[in-house]
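Biologist: Please take one strand of this model and describe closely how it is placed among its neighbours.

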Amino acid sequence: MPTVLWFRRDLRLHDNPALTAAANSGPVCPLFVLDPHVWEPAGAVRKAYLLESLKALNANLDGGLIVRVGDPTVIVPEVARAADAKAVHVAADYGHYGRTRDTNVAQVLAAAGINWVATGSPYAIAPGRVTKADGSAYRVYTPFYRAWVNHGWRAPAADPATAPQWFAPLAGDPWPQTPDLMGITLPPAGEQAALDRWDAFRHSGLAEYEERRNRPDLAGTSVLGHHLKWGEIHPRTILAELGDDLGSETFRKEIAWREFYADVTDRHPLSSRVSLDQRFDTAIDWNSGAEAEDAFQAWALGRTGFPFVDAGMRQLRAEGWMHNRVRMVVASFLVKDLHLPWQRGANEFMRWLRDGDIASNSHGWQWTAGCGTDASPYHRIFNPISQGERFDPDGDYVRRYVPELAHLPGKSAHTPWLQAEGYRHGYPQPMVDHAEERRDALDRFARAKASVSDS
DNA sequence: TTTTGAGTTGTTCGA
DNA sequence: GTCGAACAACTCAAA
């Protein structure tokens, strides 16, 4: 019996339970829907990367992937009818939009007598499965991690018993133009690229991961985020090959963060937009007005006058990627030094990051802002200068992305204001006094707390 | 129910 | 330069 396999963020053919389920019941019509709701807000890098990934998937399907542009509640039933399918297979989605969309599509399909079959998820353990003894959800990472490891996960899914028989009952839409990347080079996309990257990291980065992962000047991270985001590789594939050494243990914890934030999103579907600690949305006195807009622009364009922050924001625009350590520092700067709500920065990240994942991004930002799952002290405020000197000790990262400072030797690139004016080549003065803004951020939080407890 | 221990990734101050 | 304490008390998890 023919089925439709609707690809969303699982753009691979191996370790794909939904594909196995579909193929075991008959010929499979592979479909991807470019949903304007997801497509339109995406920046050029995100769009281009997705198109590259679809190209790779299409090649693996011998050109048989149907790509349609439009509303999934219309397109999926239309393709299912054309295929004479009795079922549409998917991997479950857990974001707020994805879940609502799936409910609506399943409803339209049901009315047409077509089954909705969800098999597997983009996670090693489906969100909602790791719970405390009483069945409630964890809100703190470390106990979640212990329970997650204890719960365990399946081995990678077997390939279908017989090779899938692909078919396309109708033509797809013309693919959108690849956006102008203005010089950005994308990393290779697709399932093979993902497996190659994992292989390379496993053999040459994992052993030193613990030591090098916080160093943006070195290539110490896995750079698997975009592959995981689009499901070009499944986390189970990775977990199955991790050992018990320190590097493996640390990397397993990073995988678990992704799973934790998916679990939190599952319990709090709106938390990609709304602070888990509501005081941050209702009681804190955020900056606003024209001056705040100027400040946001300076941050977004990498013109704050803090070299580590500016290097990060310029890397984001230059590559569609930013090192995780620097993500935390620029996030802290926006929220604690410029007093702007985390959602502004989260949106900016989602527009540019090729690996931008709504659950990880939102909750990473909430963690830095201090309104998320971490109950630890709110006075954790990153010092943009000492973070730079600590994690980019020779200034190499700053010089790579801030050409105005390329001539400053060693760690002096972190403190250009100590140089004569002419040596700064137009690089701006620090836009704020960090010590002052730090005190201000603490004051604002204290006032918000007081105002909430008074009312 | 009460109690106790602990919490990814920090910063600053003063000895 | 290095080290420990204070930040300022909060929330969660588990016994």
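Modeller: The account below begins with a single strand and widens to the sheet and the domains.

This is a predicted model, in which local features need pLDDT of at least 70 and side-chain atom pairs count only at pLDDT 80 or more, while totals for chains, interfaces and linings use all residues. Residues are numbered from 1 along each chain as its sequence is written, and chains are lettered from A and ligands numbered from 1 in the order in which they are written.

The strand chosen is β1, residues 3–7; strands (E, at least two residues) and helices (H or I, at least four) are DSSP runs numbered from the N terminus. Five of the five residues of β1 are buried, that is, 20 or more other C-beta atoms, placed from the backbone, lie within 10 Å of the residue's own. In a regular strand, side chains alternate between the two faces of the sheet. On one side of β1 are T3, L5 and F7, on the other V4 and W6, and both faces are covered.

Strand β1 has a parallel partner in β2 (residues 28–34), with five bridges between them; two strands pair if DSSP finds at least two bridges. Within this pairing, F7 faces F32 of β2. The connection from β1 to β2 passes through helix α1 (residues 17–23) as a right-handed β-α-β crossover: with the strands pointing away from the viewer, the path from the first strand over the helix to the second runs clockwise.

Strand β4 (residues 87–90) also pairs with β1 in the parallel sense, over three bridges. Here T3 is opposite A87, and L5 has H89 as its bridge partner.

These pairings belong to an open, parallel sheet of five strands, ordered β3-β2-β1-β4-β5. Its edges are β3 (66–69) and β5 (115–118), each pairing on one side only. Neighbouring strands are turned by 30° against each other on average, direction ignored; axes are lines fitted to C-alpha atoms, for helices over the stretch in contact, and angles run from 0 to 180 degrees between N-to-C directions. Helix α4 (residues 72–82) lies across β1, β2, β3 and β4, at about 160° to β2.

An automatic or database assignment supplies the domain bounds: in chain A, domain 1 covers 3–121, domain 2 covers 123–156 + 191–267, and domain 3 covers 279–454. The C-alpha centres of domain 1 and domain 3 are 37 Å apart. Six residues from domain 1 and seven from domain 3 make the contact, with C-beta atoms, placed from the backbone, within 7 Å.

Methods. A residue is buried if 20 or more other C-beta atoms lie within 10 Å of its own, exposed if 12 or fewer, and partly exposed in between; C-beta atoms are placed from the backbone. Two residues are in contact if their C-beta atoms, placed from the backbone, lie within 7 Å.
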